[in-house]
Each structure stands twice: as C-alpha cells, then as structure tokens.
Amino acid sequence: MEKIKIAIQKSGRLSEKSLDLLTECGIRVSNGNRKLKTDARNFPMEIFFLRDDDIPQYVEQGVADIGILGENEVWEKEKDVEVVEKLGFGNCRLSLAIPKDEEYTGLDYFNGKRIATSYPKTLGKFFQVKGIDVTIEELGGSVEIATGIGLADGIFDIVSTGSTLIMNGLKEAETIIKSEAVLISNKNLSPAKAALLEQLLFRIKSYKNGQGKKYVLLNARNEEIPAIVRLLPGMRSPSILPLADEGWSSVHSVISDDHFWEIIDELKRHGAEGILVVPIEKMIL
Ligand code: PRT
Ligand code: ZN
C-alpha cells in the first residue's frame, strides 16, 4: 500500500506540537531516538524529521508529499506548494522593530534605513509594494542584536511575547503579517496519496473543531428551557431530554470557551442546576 510521506520539524518550536497533532489524529509515531525517518504504526504514513527551512523544497520536489511548518517559512522560501490547512499552533507575528528611544513616525521612517532579518524575501516584497527604499541585511540568526552592534537601524523578525525585543532594547514599530503552523502539500499527489491526505485533513479538522469548545449538560425547569436554549446554540440545536422528575429537563449542548463564564452565569440566573462541563476531544461535523 502506498504511504504518504510527511515532513515535520526535527527539533524546534513546532516539533512537539506537530507530533501531538498526529497523535490527536490517531496516528501513532514512535520516535524515541529521533531518527531521520520513521513509519507510523497504524496509518500508511512515513514521517521525515527535517529542518523547517528545508521542508518547502522537499515538498515541492515530492521527496515529502506533505509537511508541517510555520507559514512564514512558506512565504520566504517561495516554493510551489499548496497550503492546505492552518493548524492553530506556532502563532507569531513578523514585525519591524527599532531601538526603543527612537521616535517612530510611520513606515516612511524606514526610508533609506538598514534592516537586518532572516526573512529578506518577505521583507523585500513588503517594502517594494509600499515603495519604500531600504537596505536589507540578511542574517541567519540572532537578528535582535543587529542594532546593538551597529549592523542595522532596525530589524524584521518573528515576535511572540515581545520579551526578546525588550531584552535587546528594541520596540515593535509595525506588525507586517501574522503566521501560524500550516499543513502544506505537493501539487501533484497521486490519487492514493490525495485520498490519504483527505483522510488526514478530516481528522485534523475534527480535532480543530473540538478545540476551544466544551460540552455542557445541565438540568432546568421546563419553563426556563426556551431562555436557556437561546444561550446555548449548540451544533445544530441543543438536545433536550425530559427528566424523571416532572417539570424538569436536561439540556446538552456545545459552547465556546470565548464567553464561557458569562454563559455559565446566565445559565445559573435561569435556575440551571447540576451543570457539567466536559472537554471535547473531537467534533465530527
Ligand atoms: O532548526 P530549524 O531550522 O528547524 O528551526 P528554527 O530555529 O528555524 O525554527 P524555530 O524552532 O525557532 O521556529 C519554528 C517556527 O516556529 C517559526 O518558523 C515560526 O513559524 C514559529 N514561531 C512561533 C517562532 C516563534 N513563535 C518565536 N517566538 N519562531 C521563532 N521565535 C523566536 C524569534 O525568532 C525571536 O528570536 O523567538 C524570539 C521572539 O520570541 P518572544 O516571545 O521573545 O517575542
Ligand atoms: Zn529554520
């Protein structure tokens, strides 16, 4: 049987979460000693452990069929691959930063300036579109020290909490683009591999649908049910089951984490009792 070959980051910020995602998709990978590649135990899949920078090229060439990496690397490498799904982890932003005591006056501030980055293509395209002339200094790493040592006037780098910038006496001037981990695919998969990708995608989406949501069960008096149903839209609509206790029903529904406590408070105001909140592992729509 044909296997689908997936490339994930060997060691870095996305490694653990990429493996976790496969686990959530029911795909068991044993990678005790971090080999170059390994077979999944219960899915026709071969896993390659690579540097994230190399993944777009391998996927373009078909050495790997699909891959997981930060979308920022996909933009920078400009390889002919398809982004098939955003994965909801590895979130960060690509930002321009300048020394903290500088007065930032807007994008024109950068005219004629030198900017250090590991993402020269992404940055070059951005300023080209804006019609602003900058000199880009390409660095492999430690971009945040470039202004301190006099190599550049500003930097363009990945930011998540912002603490690296602060530690290096910098401040974020502009956020250019937001990135997260994505699943990419080769554009010419065989029908068998395309079917395996579909299967994987279905599982990924079911997992993602359950994220940020809770299953809620509660009991309430029948006269309160219409008001409670309005608070709990559920997937289609909440399930309502009569209780053995006359005049009472049990309501089952799905709620999102976003307004979780507000909704719970409202439910209590409507006399909801025995409220049970259960995590959702997967949600098949
Ligand atoms: O060895 P390999 O080439 O595979 O790994 P790498 O060193 O190139 O990448 P790695 O593991 O650092 O990051 C992999 C991916 O994680 C990136 O391509 C991003 O898509 C994503 N990601 C998410 C991040 C961050 N958050 C992040 N904070 N990548 C890097 N950083 C760095 C950033 O470069 C800066 O130095 O963290 C620092 C900023 O963090 P804060 O929290 O201080 O703002
Ligand atoms: Zn890398």
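Thr122 lies in helix H4, which covers residues 120-130. In this predicted model, Thr122 has a relative accessible area of 12% and is therefore buried, the limit for that class being under 20%. Setting aside the neighbours within four places in sequence, Thr122 is in contact with Trp75, Glu76, Leu94 and Phe156.

**Salt bridges**

The structure holds 17 salt bridges. Three of them are set out in the table, with the separation of the nitrogen and oxygen atoms.

| Pair | N to O distance |
|---|---|
| Lys37 and Glu46 | 3.4 Å |
| Glu78 and Lys121 | 3.7 Å |
| Glu172 and Arg93 | 2.7 Å |

The bridge between Glu78 and Lys121 is made by their side chains. This pair links distant parts of the chain, with Glu78 in the loop between H3 and S5 and Lys121 in helix H4, 43 residues apart. Lys121 is partly exposed, at 41% relative accessibility. Glu78 is also assigned to the partly exposed class, with a value of 42%.

Glu172 and Arg93 form another salt bridge, with their closest N and O atoms 2.7 Å apart. Glu172 lies in strand S10 (residues 170-179) and Arg93 in strand S6 (residues 92-99), so this bridge ties together parts of the chain that are 79 residues apart in sequence. The relative accessible area of Glu172 is 29%, which means that this residue is partly exposed. Arg93, at 22% relative accessibility, counts as partly exposed; the buried class is reserved for values under 20%.

For the bridge between Lys37 and Glu46, the closest N and O atoms are 3.4 Å apart. Are the two partners buried or exposed? Lys37 counts as partly exposed at 42% relative accessibility, whereas Glu46 counts as buried at 16%.

Some salt bridges are joined into a network, and the residues linked in this way are Arg51, Asp53, Glu73 and Lys77.

**The zinc ion**

Asp53 is also one of the protein donors of the zinc ion (ligand 2). The other protein donor is Asp52, and both residues use OD atoms, which lie 1.9 to 2.0 Å from the zinc ion. Why is the arrangement around the zinc ion (ligand 2) called irregular? The four donor atoms subtend angles of 76 to 170°. A tetrahedral site would need all angles to lie between 85 and 135 degrees, so the range of 76 to 170° does not fit that class.

The two aspartates fall into separate accessibility classes. Asp52 counts as buried because its relative accessibility is 17%. Asp53 has a relative accessible area of 24% and is therefore partly exposed.

**Positive phi angles**

Most residues other than glycine have a negative phi. Glu78 has a positive phi, near 50°. Glu78 lies in the loop between helix H3 (71-77) and strand S5 (82-86), and its relative accessible area of 42% makes this residue partly exposed. As described above, Glu78 also takes part in a salt bridge with Lys121.

Ser142 is another residue with a positive phi, in this case near 45°. Where does Ser142 lie? Its place is in the loop between strand S8 (135-138) and strand S9 (154-159). With 46% relative accessibility, Ser142 counts as partly exposed.

**The surface patch and Glu281**

Tyr215, Leu276 and Val278 make a nonpolar surface patch of about 230 Å². Val278 belongs to strand S15, which spans residues 273-279. The relative accessible area of Val278 is 31%, so this residue is partly exposed.

Glu281 is found in the segment after S15. Glu281 is exposed because its relative accessible area is 57%, and the exposed class begins over 50%. Which residues are in contact with Glu281, leaving aside its neighbours within four places in sequence? They are Glu24 and Tyr207. From Glu281 to Asp39 the C-alpha to C-alpha separation is 25 Å in space, and the two residues are 242 residues apart in sequence.

How values were computed
Residues numbered from 1 in each chain as written. Chains lettered and ligands numbered in written order. Predicted model: local features only at pLDDT ≥ 70, side-chain atom pairs only at ≥ 80, totals over all residues. Heavy atoms only, no water. Donors = N, O, S within 2.8 Å, 3.2 Å for Na, K, Ca; no water. Tetrahedral: all angles 85-135°; square planar, octahedral: opposite > 155°, others 65-115°. Buried < 20%, exposed > 50% of the residue type's maximum accessible area, 1.4 Å probe, protein only. Patch = residues over 30% accessible without salt bridge, like charges linked within 9 Å, V, L, I, M, F, W, Y side chains within 5 Å. Areas by Shrake-Rupley, 256 points an atom, 1.4 Å probe, with all protein chains shown as cover. Salt bridge = Lys/Arg side-chain N within 4 Å of Asp/Glu carboxyl O. Helix = DSSP H or I, 4+ residues; strand = E, 2+ residues; numbered from the N terminus. Contact = heavy atoms within 4.5 Å.
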